[in-house]
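Visitor: I would like a close look at a single part of this structure, with its surroundings explained step by step. Please take your time over it.

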Amino acid sequence: MQRSLEDLISTRRVIVTVGCGGVGKTTVAAAVALAAARKGRRVLCLTIDPAKRLATSLGLKEMRAEAQTVPPELWGQPESTGGALTAMMLDVRGTFDELVTRHASSPEVRDRILSNRIYREVAGNLAGTPEYMAMEKLHAVRDDPRYDLIVLDTPPTSNALDFLDAPDKMIDAMDSPAVKAFVTAFQRGGSLSLSFLSRAMAKVLQGLSTFTGGGFLEQIAEFLSDLQGLFGGFRERASKVRESLAARDVAFVLVTSTDPMAVGEAMFFAERLQQNGMVAEAVVMNRVRSLPEQAPPSADRLAGILGEAGVEPAQELGNAFSKSWRDAQVWARRDAQEVARVARDFAAVPRHVVVPALDEDVYDIAALTHVAACLV
Ligand SMILES: Nc1ncnc2c1ncn2[C@@H]1O[C@H](COP(=O)(O)OP(=O)(O)OP(=O)(O)O)[C@@H](O)[C@H]1O
Ligand SMILES: [Mg+2]
């Protein structure tokens with residue numbers, strides 16, 4: 001049951017790390033990419049996380065929207081195996097622009113949307129947009145012959161399921177009856193009549209309009225009106241993207257911490273994947289705490305040692321250390337139980353790996369190598 005991710009890393013075309021916030025998706029994605037490159041694959045690690053830590057752990061100054069090659073000497077490739085490591089940060093706005101450009105009915109509509117003030121302000125921030133754009137970008141690079149493997153790190157959502165639901169949610173929000181009514185009111189009058197709204201709502205919107213300067217509502221209405229023409233294309237594209245994630249060469253890796261809530265969410269996500277014709281190929285239990293094999297000396301004995309060495313206050317220090325040791329024992333026991341539970345509850349997932357909690361955050365190649373070693 002405790003099979004490693006080695007075969008996935010060596011054979012799949014796309015590996016997607018999913019899980020709830022902060023469990024280690026980005027770290028595992030980078031470690032997978034590193035392990036694959038060392039095996040001689042040409043890897044693109046596509047992340048949405050601008051974390052400086054991630055860039056430094058890959059030996060880069062910063063993550064950028066353009067593809068950056070990680071020099072092989074940085075990831076310590078002993079002999080040339082032909083592997084290559086490229087990192088790219090998802091540019092949500094840029095990807096949205098590409099989507100608009102692809103689906104706009106004419107260059108005029110395209111330019112009108114791209115130069116619309118509302119679009120420029122909100123395009124990157126609409127709920128679900130980062131998730132949707134991550135899928136979109138994956139679709140766009142999927143057939144790129146420069147890469148053998150694309151590792152996709154999913155956005156820091158609070159809910160892992162957002163990733164699958166994002167495209168529909170985003171489109172539904174902008175295509176809702178309320179928005180349609182708004183757009184119709186705009187299109188009918190040429191300029192905006194707020195008569196279709198409740199008086200209270202109209203007041204709020206008018207207030208907003210004064211607040212943000214003239215033409216605000218018109219800009220919104222124009223933007224939504226133009227965008228609606230694109231939804232057919234968006235929807236079709238979104239379902240294609242989703243279908244492509246169900247392909248056999250795509251592997252989903254569930255990442256979870258030992259927190260029972262995170263484990264529960266991973267379970268829920270595994271079920272959702274299945275309902276969508278996708279498979280969770282592996283579960284990575286990250287940041288698992290354990291104890292060193294050798295127990296430390298007792299509080300009194302430690303105090304004695306410290307006292308002899310002239311370290312004061314020896315007794316307090318001895319007691320404090322002893323207390324933190326007892327806490328660590330509790331955590332380690334709890335994590336061991338959670339690992340056992342995951343082994344049972346995720347029995348249908350064919351690969352399980354446990355990554356220990358490292359002493360510090362993962363911020364350099366050495367730490368990333370450590371994580372990668374656990375995966376393979
Ligand atoms: N095994 C580990 N040991 C120690 N620290 C770890 C380990 N794995 C991840 N971390 C640290 O935990 C933090 C969260 O990890 P990471 O950014 O990979 O999570 P994430 O799931 O991508 O988070 P988000 O949902 O915000 O994108 C980081 O500071 C990372 O360095
Ligand atoms: Mg992340």
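Visitor: Which residue in β8 does Met285 stand opposite? Please start from there and work through the sheet to which these strands belong.

Guide: The model shown here is predicted, and what follows is computed from it. Met285 stands opposite Val354 in β8, and that pair belongs to a parallel pairing in which 5 bridges join β7 to β8. These two strands are part of an open sheet of 8 strands with mixed pairing, in the order β3-β4-β2-β5-β1-β6-β7-β8. Because β3 (68-69) and β8 (351-356) stand at the edges with a single partner strand each, one side of each is left without a neighbour in the sheet.

Helix α12, which covers residues 260-275, packs on this sheet and touches β1 (14-18), β6 (250-256) and β7, its direction making about 160° with that of β6. Glu265 lies in this helix, and it counts as buried because it has 22 C-beta neighbours inside 10 Å, where 20 or more are required. Its C-alpha atom is separated by 7.5 Å from that of Gly19, although the two residues are 246 apart along the chain. That pair may be set beside a figure for the protein chain as a whole: among contacts between residues at least 6 apart in sequence, 76% join residues at least 24 apart.

Strand β7 also holds a residue with an uncommon backbone angle. Arg287 is found in β7 and has a positive phi of about 60° although it is not a glycine. Most residues other than glycine have a negative phi. With 19 C-beta neighbours inside 10 Å, Arg287 counts as partly exposed, because 20 or more would be needed for a residue to be buried.

Moving along the sheet, one comes to β1, which is mostly covered, with 5 of its 5 residues buried. Both of its faces are covered, since Val14, Val16 and Val18 on one side and Ile15 and Thr17 on the other are all buried. β1 pairs with β6 in the parallel sense over 5 bridges, and within β6 it is Leu254 that Val18 stands opposite. β1 also pairs with β5 in the parallel sense, over 4 bridges, and here Thr17 stands opposite Asp153.

Beyond β5 in the strand order lies β2. 5 of the 6 residues of β2 (residues 42-47) are buried, so this strand is largely enclosed by the rest of the structure. β2 is joined by 4 bridges to β5 (residues 149-153), the two running parallel, and Leu46 has Leu152 of β5 as its bridge partner. With β4 (residues 84-89), β2 pairs in the parallel sense over 6 bridges, where the bridge partner of Val43 is Leu85.

Several of the residues named so far recur in the nonpolar core. The largest such core has 95 residues, and those with the most contacts inside it are Val32, Ala33, Val43, Val151, Val253 and Leu254. Helix α2 (residues 25-38) gives the most to this core, with 10 residues. Val253 shows which parts of the chain come together at one position: leaving aside its neighbours within four places in sequence, it is in contact with Leu5, Ile15, Val16, Thr17, Val28, Glu281, Ala282 and Val284.

The helix α2 and the strand β7 meet again in the surroundings of ligand 1, since each of them supplies at least two residues of the shell. That shell has 20 residues, the closest being Thr26, Thr27, Pro156, Leu358 and Asp361, and the largest share of it, 3 residues, comes from α2. By character, the shell divides into 8 nonpolar, 7 polar and 5 charged residues.

For the wider setting, the protein chain contains 15 helices and 8 strands, and 36% of its 376 residues count as buried. One further backbone feature lies in a loop: the peptide bond from Glu312 to Pro313 is cis, with omega near -5°, and Pro313 has its place in the loop between α13 (299-308) and α14 (314-345). Most peptide bonds are trans.

Notes:
Residues are numbered from 1 along each chain as its sequence is written. Chains are lettered from A and ligands numbered from 1 in the order in which they are written. This is a predicted model: local features need pLDDT of at least 70, side-chain atom pairs count only at pLDDT 80 or more; totals for chains, interfaces and linings use all residues. A nonpolar core is a set of buried Ala, Val, Leu, Ile, Met, Phe, Trp, Tyr and Cys residues joined through C-beta atoms within 7 Å. A residue is buried if 20 or more other C-beta atoms lie within 10 Å of its own, exposed if 12 or fewer, and partly exposed in between; C-beta atoms are placed from the backbone. Two residues are in contact if their C-beta atoms, placed from the backbone, lie within 7 Å. Two strands pair if DSSP finds at least two bridges between them. A residue is near a molecule or strand if its C-beta atom, placed from the backbone, lies within 6 Å of it. Ala, Val, Leu, Ile, Met, Phe, Trp, Tyr, Cys and Pro count as nonpolar, Asp, Glu, Lys and Arg as charged, and the others, Gly among them, as polar. Axes are lines fitted to C-alpha atoms, for helices over the stretch in contact, and angles run from 0 to 180 degrees between N-to-C directions.
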